[in-house]
Amino acid sequence: MKIGILISGRGSNMTAIVEAVQSGLIPESEVAVVISDKTSAEGLIKAKERGIETLIVCKNGRTREEHDAEIIGELKMRGVELVCLAGYMRLLSKDFVRAFPNKIINIHPSLLPAFKGLNAQRQAIEYGVKLSGCTVHFVDEALDHGAIIAQKTVTVKDEDTPESLAVRILEHEHPLYVEAVRRIAAGEIEIVGRRVVSVKN
Ligand code: GRF
């Protein structure tokens, strides 16, 4: 399975996926390209160090659709079959979602559908929930809304700040994301309505 990963920053989830592919944890797969919309994304260096092709595709005053069209072209040109959003800080256009139906996944640092959008860890603390966590989900045309593939809970402590909670959630993001990609690559899951279920053999 050819994987394309979109980042905007640190790229720790991207690195986890690349390393899982390279170590054989995600078999018969290849990370074909890592694309960033930010020239300064630290993840670009991490991807290059691991021998992965990187591309920078900035928006540069274009419309979302024009920007996405360039990214779609780069992904299609490389035969990408699964697009992983990993800290990619832009909403995808409908065109993008329709170009890769049920082939785009994302990781979000809360238990969706709670705390969509930016600063999910801060939202969780301010709301006062005792449990938060992370969610891997398919991407559809609405924000943080597509069918849920996997979730992991993390306890919110009284003394937590958004930063300390983010650190603990992130530790769980990496294995959760890797396992979700592995299951997709292995053909172990399918989408039934809004539900992601194990394929029965
Ligand atoms: C993660 O917390 C992820 O859940 C969210 O953005 C952050 C990206 O971190 N979507 P990294 O770039 O993967 O280190």
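These legends accompany close-up views of a predicted model with a bound ligand.

**View A. The ligand in its pocket.** Let's start with the setting: the ligand occupies the largest pocket. Around the ligand we find Arg-10, Gly-11, Ser-12, Asn-13, Gly-87, Ile-107, His-108, Pro-109 and Glu-173. By class, this shell contains 5 polar residues, 2 nonpolar ones and 2 charged ones.

**View B. Where the shell comes from.** Both domain 1 (1-100) and domain 2 (107-201) contribute to the shell around the ligand, with at least three residues from each. Looking at secondary structure, helix H1 (12-22) supplies at least two residues of the shell, and strand E5 (104-108) likewise supplies at least two.

**View C. Polar contacts to the ligand.** Three pairs of atoms are worth finding here. A backbone N or O atom of Asn-13 is 2.9 Å from a ligand oxygen. At Ile-107, a polar backbone atom lies 2.9 Å from a nitrogen atom of the ligand. Glu-173 takes part through its side chain, where an N or O atom is 2.7 Å from an oxygen atom of the ligand. On its own the ligand would expose 370 Å², and the protein buries 86% of that area.

**View D. A cis peptide bond at Pro-113.** Now follow the chain to the loop between E5 and helix H5 (120-127), where Pro-113 lies. The peptide bond joining Leu-112 to Pro-113 is cis, and its omega is near 15°. Most peptide bonds are trans.

**View E. A positive phi at Asn-102.** Our last stop is the loop between helix H4 (94-99) and E5, which holds Asn-102. Asn-102 is a residue other than glycine, yet its phi is positive, near 55°. Most residues other than glycine have a negative phi.

Note on methods:
Residues are numbered from 1 along each chain as its sequence is written. This is a predicted model: local features need pLDDT of at least 70, side-chain atom pairs count only at pLDDT 80 or more; totals for chains, interfaces and linings use all residues. Side-chain values use heavy atoms; hydrogens and water are left out. A residue is near a molecule or strand if one of its heavy atoms lies within 4 Å of it. A polar contact is a pair of N or O atoms within 3.5 Å; within protein, one must be able to donate a hydrogen and the other to accept it, and residues adjacent in sequence count only if both atoms are side-chain atoms. Accessible areas come from the Shrake-Rupley method with a 1.4 Å probe; for residues, only the protein chains shown count as cover. On a 1 Å grid over the protein atoms alone, a cavity is a set of points where a 1.4 Å probe fits but cannot get out, and a pocket is an open set with protein on both sides within 12 Å along at least five of seven lines; lining residues have an atom within 4 Å of a point. A molecule sits in a cavity or pocket if more than half of its atoms lie within 2 Å of its grid points. Helices (H or I, at least four residues) and strands (E, at least two) are DSSP runs, numbered from the N terminus. Ala, Val, Leu, Ile, Met, Phe, Trp, Tyr, Cys and Pro count as nonpolar, Asp, Glu, Lys and Arg as charged, and the others, Gly among them, as polar. Domain bounds come from an automatic or database domain assignment.
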